[in-house]
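User: Could you take a close look at the second largest pocket for me? I'd like to know which residues line the pocket, and what sits around that part of the protein.

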Amino acid sequence: GALAGTLGGFLREYQTVVNVVSGLIVIFFGLNFLGVLKFNLFKGIQRDVNTDNMGVLSAFVFGVVFSIGWTPCVGTFLGSALMLASQQSHAAAGVLMLGLGIPFVLSAVLIDYLKTAFDWIKKHYKIINGISGGLLIFIGVMMATGAFGRLMSLFS
């Protein structure tokens, strides 16, 4: 709590600088999406993995690494959802409230049907990247100018 309060006070004091730096970072990501800047840092490792000898332990280790990688992305949402689920009177209501794994389970069950969707995404990958890059640049400019913060304050 003390760290969050201190950090919040620091960020409030230097809000303009934080807005500009954050906006520039998002614009940088948008330019990378568009291919204007090409940084392989965000592309991951491109190599084949031999899956013939993988067993239960390998699957467990992969799951642990995957969950650690996703922790910053879902941590805030998951914490809020767990708090809401803990306030339910029945376990089933808590499970239904969370429902976080449903998209993953559905995609695993429907993987054969989703291949056509993945093929469509692959076919239109450049267009999707262009739109995504343009949106990132737009949001980055809004963040740098403070317009994004004002827009978000309307929703709170």
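Analyst: Of the 156 residues here, 8% count as buried. Keep in mind that this is a predicted model. The protein has eight helices and zero strands, so to speak a plain run of α-α-α-α-α-α-α-α when you read along the sequence.

Now to your pocket. The second largest pocket holds about 260 Å³ of space. If you want to click through its lining, go to Leu11, Arg12, Gln15, Val18, Asn19, Ser22, Met143, Gly146, Phe148, Gly149 and Arg150. Three elements give two or more residues each to that lining: helix H1 (2-13), helix H2 (15-34) and helix H8 (147-155). H2 gives the most, with four residues. In terms of chemistry, the lining has a mix of classes: five polar residues, four nonpolar ones and two charged ones.

Gln15 is a handy place to start, as one of the lining residues. Gln15 belongs to helix H2. How buried or exposed is Gln15? Its relative accessibility is 45%, and since partly exposed covers the range between 20% and 50%, Gln15 counts as partly exposed. Another lining residue, Gly146, pairs up with Gln15 in an interesting way: the two are 131 residues apart in sequence, yet their C-alpha atoms are 9.0 Å apart in space.

H1 and H2 turn up again when you look at the surface. A nonpolar patch there is made of Leu7, Phe10, Leu11, Tyr14, Val17, Val21, Ile25 and Phe29, and together they have about 700 Å² of accessible area. H1 and H2 each supply at least two residues of this patch, with H2 again giving the largest share, four residues. Val17 is a patch member that sits in H2. Leu11 is worth a second look, as it appears in the pocket lining and also in the nonpolar patch.

One more spot, if you'd like to follow H2 along to Leu34. H2 runs over residues 15-34, and Leu34 has a partner far off in sequence: Gly134 is 100 residues away along the chain, but 7.5 Å away in space, C-alpha to C-alpha. Gly134 is found in helix H7, which covers residues 125-145. With a relative accessibility of 33%, Gly134 counts as partly exposed.

So, for your close look, H2 is the element to keep on screen: H2 gives the most residues to the pocket lining, and the largest share of the nonpolar patch comes from H2 too.

Technical notes. Residues numbered from 1 in each chain as written. Predicted model: local features only at pLDDT ≥ 70, side-chain atom pairs only at ≥ 80, totals over all residues. Heavy atoms only, no water. 1 Å grid on protein atoms, 1.4 Å probe; cavity = no way out; pocket = protein on both sides within 12 Å on 5 of 7 lines; lining within 4 Å. Points joined across faces, edges and corners; volume = space filled by probe spheres on them. Nonpolar A, V, L, I, M, F, W, Y, C, P; charged D, E, K, R; others polar. Buried < 20%, exposed > 50% of the residue type's maximum accessible area, 1.4 Å probe, protein only. Patch = residues over 30% accessible without salt bridge, like charges linked within 9 Å, V, L, I, M, F, W, Y side chains within 5 Å. Areas by Shrake-Rupley, 256 points an atom, 1.4 Å probe, with all protein chains shown as cover. Salt bridge = Lys/Arg side-chain N within 4 Å of Asp/Glu carboxyl O.
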